[in-house]
Amino acid sequence: MDLNLLVALDALLEENSVTAAADRLNLSPPAMSRTLARIRRATGDDILVRVGRTMVPTPRALELREETRDLVRRATAVLTPVRRLDLAGLNRHFTVRGHDALLAALAAPLIARVGATAPNVHLSLLAESAADQPDLARSQVDLEIGANEPRRPELSSEVVGTDRVVLALRRGHPLARGRVSVDKLVRMTFVAVSRRGRLHDAIDDSLAERGLRRRVIASLPTSAAALDVVSRSDAVAVVAERICRPASARLGLVTRRLPLELPPTQVVLTWHHRHDSDPAHTWLRGQVRDVLREATDGTAKGRPATGRPRGFA
């Protein structure tokens, strides 16, 4: 089926003239006459017939006029880039998945921003799962927020910020005073943050290079859970400094710089490339980007110069 015939039929029924329809579509009259012949064969109807010096539509053509016009209008809309996004009328449901610390920093300001500008947009904020899942490819998740850039070619990503990792401990902790040395560090008891239940991370690698080990007594799936344990015990945790600052402050915790050279944590937005040119998805990414950049006190700095980026603690 040649859908160009619909455009020609719309012009013919609008103009009731082969010559005028040809001018409208930048065709020669003979070319439009040949197109009309093809339309007649396709429809089994004459479409336009000569009456005196003019051409008039057949009854079948009159039946097709409005439907043809609507089909051409809809096809044109499909093949025309969206130049303006109507946020007031936008009706979409977006699902965002990410690390709990990032979602905690994102949730309140993002919900406020979206509610103020796009009241018919609904958000679902999901925690990371214990196993990596291809939900972006299945359209189950619109946007993921984490620390690692994707390796799959069908996924797009953007680094929107970085954060330093620090040691969090309760204010009355016996080792809370002053600078934390490596000697102090290995005397502490740690709770790790890992959605997969891992007890070993980059801190252990750095200590192992010095021939040292630390004591990790448990792993917890979220930063919030780890910080709660820290607030009620002598255990300590390593967390992202600025992202976790509100939670640490609410629990009355203090933070100290680590005596180890560790790369900063990246904040990475990831989505399926099918959404690269979707105006509504682009708008959502912009809202999330702005909130997270504010939460990390700056814009993306790119990849760290040395070492592999840490995941969010």
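Visitor: What share of the 313 residues of the protein chain count as buried?

Guide: A residue is called buried under 20% relative accessible area, exposed over 50%, and partly exposed in between, with a 1.4 Å probe and protein chains only. By that rule, 43% of the 313 residues of the protein chain count as buried. This is a predicted model, in which local features need pLDDT of at least 70, side-chain atom pairs count only at pLDDT 80 or more, and totals for chains, interfaces and linings use all residues. Residues are numbered from 1 along each chain as its sequence is written, and side-chain values use heavy atoms, with hydrogens and water left out.

Visitor: How much area does the protein chain expose, and what percentage do carbon and sulfur atoms supply?

Guide: Accessible areas come from the Shrake-Rupley method with a 1.4 Å probe; for residues, only the protein chains shown count as cover. The protein chain exposes about 17100 Å², and 50% of that comes from carbon and sulfur atoms.

Visitor: How does the radius of gyration of the protein chain stand against that of a compact globule?

Guide: The radius is taken over C-alpha atoms, and the globule rule is 2.2 Å times the number of residues to the power 0.38. For 313 residues a compact globule would come near 20 Å, but the protein chain has 31 Å. Along the principal axes, the C-alpha atoms fill a box of roughly 105 × 40 × 30 Å.

Visitor: What percentage of the contacts with a separation of 6 or more join residues 24 or more positions apart?

Guide: Contact means heavy atoms within 4.5 Å. Of the contacts in the protein chain with a separation of 6 or more, 76% are between residues 24 or more positions apart.

Visitor: How many helices and strands does the protein chain have?

Guide: Helices (H or I, at least four residues) and strands (E, at least two) are DSSP runs, numbered from the N terminus. The protein chain has 10 helices and 12 strands.

Visitor: In what order do the strands of the open sheet stand?

Guide: Strands of a sheet pair through backbone hydrogen bonds, either parallel or antiparallel. Two strands pair if DSSP finds at least two bridges between them. Here an open sheet of 5 strands follows the order β4-β3-β5-β12-β6, and its pairing is mixed. Its edge strands are β4 (122–127) and β6, each pairing on one side only. From one strand to the next, the twist averages 20°. Strand β3 (residues 93–98) and β5 run parallel and are joined by 3 bridges, with G98 opposite I145 in β5.

Visitor: Which strands does helix α5 lie across?

Guide: Axes are lines fitted to C-alpha atoms, for helices over the stretch in contact, and angles run from 0 to 180 degrees between N-to-C directions. Helix α5 (residues 100–117) lies across β3, β4, β5 and β12 (265–272), at about 175° to β4. Helix α10 (residues 279–295) also packs on the sheet, touching β3, β4, β5, β6 and β12, and its direction makes about 170° with that of β12.

Visitor: Where does P150 lie, in terms of β5 and β6?

Guide: P150 is in the loop between β5 (143–146) and β6 (155–163), and is partly exposed at 25% relative accessible area. Not counting residues up to four places away in sequence, P150 touches L155, S156, S157 and T270.

Visitor: How many salt bridges does a search of the whole structure find?

Guide: Side chains of opposite charge can pair when their charged atoms come close. The criterion is a side-chain nitrogen of Lys or Arg within 4 Å of a carboxyl oxygen of Asp or Glu. The search finds 22 salt bridges. One of them joins D70 and R74, with the closest N and O atoms 3.4 Å apart. These two residues are 4 apart in helix α4 (residues 59–78), which means they are separated by about one helical turn. Another salt bridge pairs R152 with E154 at 2.9 Å. D228 and R232 meet at 2.5 Å, N to O; D228 is partly exposed at 28%, while R232 counts as exposed at 66%. D10, E15 and R24 are linked in a network of salt bridges.

Visitor: What is the sign of phi at N26, and is N26 buried or exposed?

Guide: Phi of N26 is near 55°, a positive value in a residue other than glycine. N26 lies in the loop between α2 (18–24) and α3 (29–43), and is exposed at 71% relative accessible area. I47 also has a positive phi, near 65°, and lies in the loop between α3 and β1 (48–51). I47, however, counts as buried at 0% relative accessibility.
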